[in-house]
Amino acid sequence: MSRPVFITPSMSILLDAVRAIAALLVLGGHMVQMELYTGPYPFGPTMQHNAVIVFFVLSGLVIAHSVSSRSYTLKDYAIARASRIVPVAFFAIGFGTLIFAALSARGLAPAIVTWPYDELSLSSVLLPAVFLSESGDGVGPVWNPPYWSLTYEVWFYILFAAGFFLRGPSRWFWLAALCWVAGLRVLLMFPIWLLGAALVRYGTRWEPKGLRAVQFGLFGFILCAVSNVLGSSGRKVAEALQNQLDYAVKFSEYFLTDYLFGIGIAMLFIAARPFAEWAGEGLKKAERPVQWFAGFSFSLYILHWPMLSAMSVLGIEAGGNPLAFLALVGGIIGACALVAQFTEYRSKDVRRWLTARLSPQPRQASAT
């Protein structure tokens with residue numbers, strides 16, 4: 001008997017909703033962090049980081065599912081990932097660079113300090129473009145700290161491809177070489193991404209249902225809560241590690257408690273699977289709006305910080321007014337949805353173009 005797939009049609013809709021909600025939480029959390037909104041907000045300061053961990057587990061799950069359910073080659077995989085990532089990433093680098101340069105010319109950009117993302121240089125453009133901004137002493141794109149997680153994710157894709165598609169000694173050679181290039185920061189967080197990938201193979205073995213599914217999900221939620229409680233202690237361990245190695249772990253500073261949070265999210269996904277099947281009809285009715293929002297969640301995630309930075313230096317803020325906060329959130333969502341029409345939604349076109357260009361051309365018979 002074939003193993004049941006983890007991502008069923010109903011589960012796919014639910015995961016799209018999770019992706020959209022996580023992107024919204026990152027946006028809201030960063031507006032509070034940058035003090036563009038100072039009114040009541042129900043979440044703590046680590047919520048946006050937690051949302052990134054959700055993205056990592058979700059990404060590992062979706063990528064492993066896609067390669068296990070199709071006859072992918074390494075070239076197919078590379079084209080699919082490049083067509084998804086590159087259009088949005090390059091636009092984000094260009095967008096942040098242009099608005100930073102334009103506002104700097106008016107003497108406004110230095111008002112925002114997001115070191116090391118507040119200095120425009122050749123490195124701040126080229127290194128993010130080849131996804132080396134988080135390796136070694138790399139420099140991130142100006143005015144876009146969230147780009148760190150995209151860089152991590154690209155390296156997760158690359159390392160997974162080397163392990164999945166290569167065989168024999170070449171697999172270990174390339175894994176070792178790629179790990180060296182990716183760097184310790186990326187490797188510290190890679191197990192979290194692999195948790196999601198493992199759900200494809202092992203996530204259907206438990207099949208909790210009814211009360212057991214509720215208990216399973218509750219335990220996952222408790223793990224997530226405990227990880228937040230222990231966050232400061234885990235950060236101290238990371239600080240000791242970076243002092244010992246003389247190597248800044250930067251955004252991987254919560255890696256120990258992030259492991260705990262990632263396990264909790266994986267358990268919540270397992271517990272949610274039977275719920276998704278039970279609520280299949282209701283989820284089906286919500287499919288179109290959910291897919292619409294999830295369809296540009298990547299653009300929303302990677303473009304919101306430059307927009308917020310520009311708003312901050314121009315004095316556009318909500319203060320403590322929740323309605324003004326919602327209005328600004330709606331404006332950013334609308335702007336990202338519009339941009340996505342020319343970037344994120346064009347990934348299939350880019351994929352077809354790359355496939356056509358990289359496919360071997362049939363030889364023309366010579367005239368006799």
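Asp16 and Arg19 sit 3 residues apart in helix H1 (residues 9–33), so about one helical turn separates them. In this predicted model, the two side chains form a salt bridge, with the closest N and O atoms 2.5 Å apart. Both ends of the pair are tucked away: Asp16 is buried, and Arg19 is buried too.

A salt bridge with a much wider sequence gap joins Arg84 and Glu344, at 3.0 Å from N to O. Arg84 belongs to helix H3 (residues 74–105), while Glu344 is in the loop between helix H14 (322–340) and helix H15 (347–358), so this contact ties together parts that are 260 residues apart in sequence. The two partners don't share the same kind of surroundings. Arg84 is partly exposed, at 26% relative accessibility, whereas Glu344 is buried, with a relative accessible area of just 3%.

Helix H9 (residues 231–245) brings another pair into play: Arg235 and Glu239 are 4 residues apart there, so again about one helical turn lies between them. Their side chains meet in a salt bridge at 3.9 Å, N to O. Arg235 is partly exposed, with a relative accessible area of 32%, and Glu239 is partly exposed as well, at 35%. The pair isn't on its own, either, since Glu253 joins Arg235 and Glu239 in a network of salt bridges. Altogether, the structure holds 7 salt bridges.

Now for the nonpolar side of things. The largest nonpolar core takes in 103 residues, and those with the most contacts inside it are Phe56, Tyr77, Leu150, Met189, Phe269, Leu300 and Ile302. Helix H5 (residues 147–165) supplies the largest share of this core, with 13 residues. Leaving aside residues up to four places away in sequence, Leu300 touches Ala23, Leu27, Phe293, Ile332, Ile333 and Cys336. Another core, of 7 residues, lies apart from the largest one; Ile99, Leu103, Val142 and Ala310 are among its members.

Not every nonpolar side chain is hidden, though. Leu218, Phe221, Ile222, Val226, Val229 and Leu230 make a nonpolar surface patch of about 550 Å². Phe221, found in helix H8 (residues 211–229), is exposed, with a relative accessible area of 53%. In soluble globular proteins, nonpolar side chains tend to be buried together.

As for the cysteines, the disulfide count comes to 0. Cys179 is partly exposed, at 25% relative accessible area, while Cys224 is buried, at 7%.

Note on methods
Residues numbered from 1 in each chain as written. Predicted model: local features only at pLDDT ≥ 70, side-chain atom pairs only at ≥ 80, totals over all residues. Heavy atoms only, no water. Core = buried A, V, L, I, M, F, W, Y, C linked by side-chain atoms within 4.5 Å. Buried < 20%, exposed > 50% of the residue type's maximum accessible area, 1.4 Å probe, protein only. Helix = DSSP H or I, 4+ residues; strand = E, 2+ residues; numbered from the N terminus. Contact = heavy atoms within 4.5 Å. Disulfide = S-S within 2.5 Å. Patch = residues over 30% accessible without salt bridge, like charges linked within 9 Å, V, L, I, M, F, W, Y side chains within 5 Å. Areas by Shrake-Rupley, 256 points an atom, 1.4 Å probe, with all protein chains shown as cover. Salt bridge = Lys/Arg side-chain N within 4 Å of Asp/Glu carboxyl O.
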